[in-house]
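Okay, thanks for coming, everyone. I'll put the model up first, and then we can talk through a pocket and one of the strands beside it.

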Amino acid sequence: AVTGVQTCALPICFPMITGLHHVAIAVRDIDATAAFYRTTFGLPGIEASETLPDQGVRAAFIPLGNCRIELLQPLRDDTTVGRYLAKHGEGLHHICLETDDINGELERIATTGVALIDQTPRHGLAGLIGFLHPRSTGGVLIELVQVTGDGGALAVSHDGRVLRVLIAKPGLDGHDRGAKVVARALRDAGMEVIYTGIRQTP
């Protein structure tokens, strides 16, 4: 059974979680896996990629509507993802929930009795991240991310209501510039605008 989970209306108990950011898959070869998703399902190519030496992985995002698939390839066999592959083989690794305040969310979740892998946020492909321990989440590894950078999506708060606008490919074809034009117009209308997209990398 899942422990430490509150049961109440989402806007009341979970005001900082804004949606599902990505589903992560552990793989042995990012490029080969990305090619499989492209040729089999017609998905776009890799949207962003980064090598994270402190985590021992190369990570890449494939855009999928208002979510993403993250591919994780270990840099060495003795890393977390490397050991996962040795034990389980390729497959689903974790899910990631997006938040506007990862520090506040980690602090709040800790008070519910849920065990944290990360007591404080660290750098990830999309921004600041923190993991919850699967022993407190029904065996599911859950990541939280506070996205940094321009582009991606816009989250606009006005009188307690939230509007999310997807910018499908941040940094390409002027989408991020268009988002900024919209943001300026919304600010001129008296709304508060917060960017939550990821930064495009070569």
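**The largest pocket and strand β3**

So, let's start with the empty space: the largest pocket holds about 520 Å³. Keep in mind that this is a predicted model.

Who lines the largest pocket? There are 28 residues in the lining, and the ones nearest the centre are Thr-80, His-93, His-94, Phe-131 and Leu-141. If you sort the lining by class, you get 15 nonpolar residues, 9 polar and 4 charged.

Now, which elements supply at least two residues each to that lining? You've got the strands β3 (57-64), β4 (67-74), β5 (91-99) and β7 (127-132), plus the helix α3 (80-88).

I want to stay with β3 for a bit. Is β3 mostly covered or mostly open? Covered: of its 8 residues, 6 are buried.

On one side of the pairing story, we have β2, residues 48-52, which runs antiparallel to β3 with 5 bridges joining them. To pick out a pair, Glu-50 has Ala-59 of β3 as its bridge partner. The two strands make a hairpin with 4 residues in between, and Gly-56 in that turn has a positive phi, about 70 degrees.

Then there's β4, also antiparallel to β3, with 8 bridges between the two. Here Ile-62 has Ile-69 in β4 as its bridge partner. This is a hairpin too, with 2 residues between the strands, and again look at the glycine in the turn: Gly-65 has a positive phi of about 60 degrees.

So to recap, β3 pairs with β2 and with β4, and both β3 and β4 contribute to the lining of the largest pocket.

How values were computed
Residues are numbered from 1 along each chain as its sequence is written. This is a predicted model: local features need pLDDT of at least 70, side-chain atom pairs count only at pLDDT 80 or more; totals for chains, interfaces and linings use all residues. Side-chain values use heavy atoms; hydrogens and water are left out. On a 1 Å grid over the protein atoms alone, a cavity is a set of points where a 1.4 Å probe fits but cannot get out, and a pocket is an open set with protein on both sides within 12 Å along at least five of seven lines; lining residues have an atom within 4 Å of a point. Grid points are joined across faces, edges and corners, and a volume is the space filled by probe spheres set on the points. Ala, Val, Leu, Ile, Met, Phe, Trp, Tyr, Cys and Pro count as nonpolar, Asp, Glu, Lys and Arg as charged, and the others, Gly among them, as polar. Buried means under 20% relative accessible area, exposed over 50%, partly exposed in between (1.4 Å probe, protein chains only). Two strands pair if DSSP finds at least two bridges between them.
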